[in-house]
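Open the model in your viewer and colour it by chain. The stops below go from one helix contact outward to the rest.

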Amino acid sequence: MKWTIVVGRYDKDQPAGSGYPPPFESAAAKRYQTFEVDLPEHAMVLDALIQVREYQDESLAVRCACRSAICGSCAMWINGHANLACTSKLRDFTVDGKVTVESPPSMPPIRDLVCDMTPFWQKNRQVRPWLEGKEPVPAGEEYRVPNAAMENLIQEVGCISCGACLMDCESFAVNQNFLGPAALAKAYRYTADPRDAETRDRLKTYSEPDGVWDCTHCYECVQQCPKGVAPLEQILKLRRMAVEEGFTNNAGTRHAYAFAESVKDSGRLNELTLMPKSFGLLNIRAQLQSLPAAFNMARAGKLPPLIHKKIPGLARIKSIFAKVGGKFK
Amino acid sequence: MKVAFWPGCVSKGACPELYVSTHKVADALGLELVELEEAPCTGAGVLSEQNPALADSLNGLTLAMAERQGADLMTICSTCQGVLSGTQFHLANDPARLARVNETLASSGYEYRGTTKVKHLLWILVEDIGLDRLASLVKHKLTGLNVAPFYGCYILRPEEYLGLKERPERSTYLEQIIALIGATPVEYLGKSKCCGFPMLTMNREVSLKMGGKHILEAKSKGADVLVTPCPLCHLNLDGQQPDAAGVMKQPLGVPILHLPQLLGLAFGFAPEDLRLNHHVINTKAALEKVELKV
């Protein structure tokens with residue numbers, strides 16, 4: 001079968017413009033080249049790239065090794081989303097007669113389809129992805145943990161460090177300091193390990209700016225992870241643990257409490273008070289920053305009703321909160 | 001066709017134009033909206049992340065209310081859709097979780113049996129009403145208007161909650177409707193990405209950059225307007241757009257339309273009746289392109 005593959009070509013010796021934001025960042029240096037390949041119906045995107053490199057253009061740079069979704073080398077953008085090229089079938093990704101592959105614009109490019117993974121590994125190191133053993137070490141034996149405690153961690157252990165989640169992370173795309181989905185999922189794996197001695201300290205660190213609260217909850221990482229790690233789910237567990245451990249002096253926690261209070265008291269969201277309460281009433285800078293938008297919306301007639309109405313049948317909601325509200329009771 | 005209608009908090013708060021235009025379009029379609037006035041906020045994913053049992057019970061109650069109506073539950077918000085679809089998915093596939101919800105709901109007068117289907121207006125338009133019927137109601141083709149679709153995360157991801165594995169075409173419905181009313185869909189990467197709203201209070205600059213980036217990309221591809229099925233995306237993309245332009249250090253000025261507003265224009269409703277004169281980003285120039293005045 002004939003397949004058409006459009007490849008984003010880039011060579012750092014042709015310097016990019018400094019333009020922001022991605023995906024325009026390297027537009028000056030990136031060019032798209034179209035190749036035709038002849039491969040069977042079940043062939044993968046990586047098969048097509050290897051075919052191009054072996055028989056058409058040996059200068060094409062592509063990173064791959066195992067070809068079976070184990071090594072994690074061949075994550076790249078396929079039609080604008082991160083995927084492993086070795087498990088992506090050409091037939092599933094051919095849109096309007098072609099598949100487009102390129103290096104993800106949020107990662108530093110090296111050449112063609114090869115991006116620099118340094119940010120990925122730096123973030124990984126930043127979360128201290130190792131056990132800080134509890135003292136004292138059990139005499140004459142190893143640390144023992146119940147099976148159930150480890151089952152909770154299995155999902156993350158499946159990570160092959162391909163970086164697909166980071167490549168498609170919407171928050172990372174505009175804030176390179178964000179710890180990102182892979183590192184935070186790894187962070188959860190160690191924080192929730194009963195053998196780790198630094199749980200509290202970890203949660204404190206991860207609650208700081210550019211940590212767990214900088215995830216925008218877009219589910220891109222859940223969607224793109226080829227191993228079902230669901231990084232977002234692990235980040236949400238860290239948020240929950242952090243709040244329960246008392247690290248609550250942040251907008252994320254205030255937002256959750258203000259949200260719950262509003263639903264408990266009225267059955268609905270009170271948009272008028274949610275924002276100021278989330279910023280923190282004494283956070284004058286944030287309050288002032290939000291004023292122009294509030295003013296613009298009021299001028300357009302988009303201000304929520306000044307008197308917030310309660311829903312009928314509120315007793316049902318209050319009863320639910322009384323039974324399962326937990327910390328929001 | 002009758003649906004149990006969950007309007008969401010924002011369409012009754014900061015986006016009244018969505019509520020009004022939904023009713024206009026529903027009237028034109030003969031879609032009977034039975035509003036669930038006693039249903040609670042979905043928690044928008046914020047409550048479920050801190051307390052899954054609480055969110056399950058609140059949303060289980062809404063699903064039970066729709067079940068009693070014997071009708072599908074219709075949302076007009078990608079976020080409500082995502083949260084309710086998630087709850088629906090878990091309660092339909094996990095009997096123990098459903099039992100816990102019903103235990104909590106015991107004194108509420110409701111019990112959820114797990115049968116409610118949750119559908120966004122966008123899906124109902126294409127799957128239940130059908131493109132042919134929609135086409136027959138178009139009175140004013142929006143020829144020449146370049147419309148960039150903006151889905152919002154929670155109507156697309158995670159796929160298994162939202163039926164996209166069985167119906168992958170759900171990720172193309174906006175484009176289909178845009179083309180059907182004579183306008184031109186704008187193809188750009190940002191259409192399925194995040195508006196940044198969930199982070200607005202946590203990291204304002206990042207949130208505004210996220211939304212601003214997608215508006216800028218759509219604009220560079222020739223978009224006159226964006227259309228969204230999510231009022232939370234609307235809050236960030238329209239309400240915060242002047243601030244986003246400031247953070248981006250670039251002019252933006254792209255009007256953001258709610259899905260029923262765009263359809264309402266094609267059905268011949270006056271822009272004022274769809275409250276298109278109540279947007280932060282002025283819609284005048286875009287409407288003039290299709291010979292409409294506001």
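Start by selecting A:Arg316, A:Ile320 and A:Val324 in helix α15(A); they meet B:Ala53, B:Leu54, B:Ser57, B:Leu58 and B:Leu61 in helix α4(B). The residues of this contact divide into six nonpolar, one polar and one charged. Keep in mind that this is a predicted model.

Now show both helices in full: α15 of chain A covers residues 314–324, and α4 of chain B covers residues 52–69. Their axes are 9 Å apart, and the helices pack at an angle of about 155°. Angles over 145 degrees count as roughly antiparallel, and α15(A) and α4(B) are therefore roughly antiparallel to each other. The crossing of α15(A) past α4(B) is right-handed.

Next, widen the selection to the whole contact between the chains. Here 48 residues of chain B are in contact with 56 residues of chain A. On the chain B side, the elements that give two or more residues are α3 (46–50), α4, α10 (204–220) and α12 (241–248). By class, that side has 22 nonpolar, 16 polar and 10 charged residues.

Then turn to the largest nonpolar core, which has 185 residues. Select A:Val45, A:Ala85, A:Val101, A:Leu184, B:Val147, B:Leu226 and B:Val227, which touch the most other members. Helix α4 of chain B, already on screen, gives the largest share of this core, eight residues.

Finish by centring on B:Val147. Leaving aside residues up to four places away in sequence, B:Val147 touches B:Ile178, B:Ala183, B:Thr184, B:Pro185, B:Val186, B:Ala223, B:Val225, B:Val227 and B:Leu262.

Definitions and conventions: Residues are numbered from 1 along each chain as its sequence is written. Chains are lettered from A and ligands numbered from 1 in the order in which they are written. This is a predicted model: local features need pLDDT of at least 70, side-chain atom pairs count only at pLDDT 80 or more; totals for chains, interfaces and linings use all residues. A nonpolar core is a set of buried Ala, Val, Leu, Ile, Met, Phe, Trp, Tyr and Cys residues joined through C-beta atoms within 7 Å. A residue is buried if 20 or more other C-beta atoms lie within 10 Å of its own, exposed if 12 or fewer, and partly exposed in between; C-beta atoms are placed from the backbone. Helices (H or I, at least four residues) and strands (E, at least two) are DSSP runs, numbered from the N terminus. Two residues are in contact if their C-beta atoms, placed from the backbone, lie within 7 Å. Ala, Val, Leu, Ile, Met, Phe, Trp, Tyr, Cys and Pro count as nonpolar, Asp, Glu, Lys and Arg as charged, and the others, Gly among them, as polar. Axes are lines fitted to C-alpha atoms, for helices over the stretch in contact, and angles run from 0 to 180 degrees between N-to-C directions. Angles under 35 degrees count as roughly parallel, over 145 as roughly antiparallel, 65 to 115 as roughly perpendicular and the rest as oblique. A crossing is left-handed if the near helix is turned anticlockwise from the far one by less than a right angle, and right-handed if clockwise.
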